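Student: Could you take me through one part of this structure up close, please? I would like to see how one residue sits among its neighbours.

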Amino acid sequence: MFNKLPRVMALSGVLAALMSAFVIFIAGYYQGEFSHAKSFVSELNQSGSLYASTIGYLGFVPLGLVTLFFILGLKQTLGKTKRVTIALFFLCFSALDWLVTAFFPCDAGCPVTGDISVSQSIHNLSGLFSTILVPVGIFLLISPLKKMKFHPLVIVFSMASIIAYLASFVLIVGNVFEGFEGGIQRISLLFFYGYLSALSVNIYLKNNLSANLSS
């Protein structure tokens, strides 16, 4: 089953992780007042910010598409069961959130409530769906991954990413670490893309093993 997934597609999860780091930190470098500790990632292309369109269309859109490409490609490896289909559908919200951020940028400061624009409202709704559904998708995939004997490290990253998603939501909404909301979000993203990278590398190695056994 593993050799059905092209090797380039298998490693696209690692590519998505590298792109996320590159886009966030390079874009942040060119936004003078942007703080990785305080500012949310979506503030990189907030309305009225410097290079907003460039960051959105040339940064967030490609990142979202590569992430989506990898997640949809997982279906070829993990099968077409109802559980896997639902899990991958939920995971797709992580990729769609990048696209929404590009096409529906947030208002200055990315407010959650108050006098906000339609674009900000769509942005908030996308973030809510992503925060709720992505960890559910990760959880639903744990059992199929175990059955297919994925490396234990993948399962560890699965659990760590779920915890990071839930913890970041509670900490940010509860304003537990005021002034470090951006840092909390980065930690959550780090665990999620670490999860995708672990999946990506594991599938790539299994592809190589299958290719060697069949040759």
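Tutor: Happily; here is a close look at Leu63 and the helix pair around it. This is a predicted model, in which local features need pLDDT of at least 70 and side-chain atom pairs count only at pLDDT 80 or more, while totals for chains, interfaces and linings use all residues. Residues are numbered from 1 along each chain as its sequence is written, and side-chain values use heavy atoms, leaving out hydrogens and water.

Leu63 lies in helix H3, residues 52–78 (helices are DSSP runs of H or I, at least four residues, numbered from the N terminus). Leu63 has a relative accessible area of 0%, so it counts as buried (under 20% relative accessible area, with a 1.4 Å probe and protein chains only). Leaving aside residues up to four places away in sequence, Leu63 touches Ala16, Met19, Ser20, Trp98 and Tyr193 (contact means heavy atoms within 4.5 Å).

Ala16, Met19 and Ser20 are also among the residues of H2 that meet H3. By class, the contact of H2 with H3 has twelve nonpolar, five polar and no charged residues (Ala, Val, Leu, Ile, Met, Phe, Trp, Tyr, Cys and Pro count as nonpolar, Asp, Glu, Lys and Arg as charged, and the others, Gly among them, as polar).

How do the axes of H2 and H3 cross? The axes of H2, residues 12–29, and H3 come within 9 Å and cross at roughly 160° (axes are lines fitted to C-alpha atoms over the stretch in contact, with angles from 0 to 180 degrees between N-to-C directions). That makes H2 roughly antiparallel to H3 (over 145 degrees).

Notes
Helices (H or I, at least four residues) and strands (E, at least two) are DSSP runs, numbered from the N terminus. Buried means under 20% relative accessible area, exposed over 50%, partly exposed in between (1.4 Å probe, protein chains only). Angles under 35 degrees count as roughly parallel, over 145 as roughly antiparallel, 65 to 115 as roughly perpendicular and the rest as oblique.
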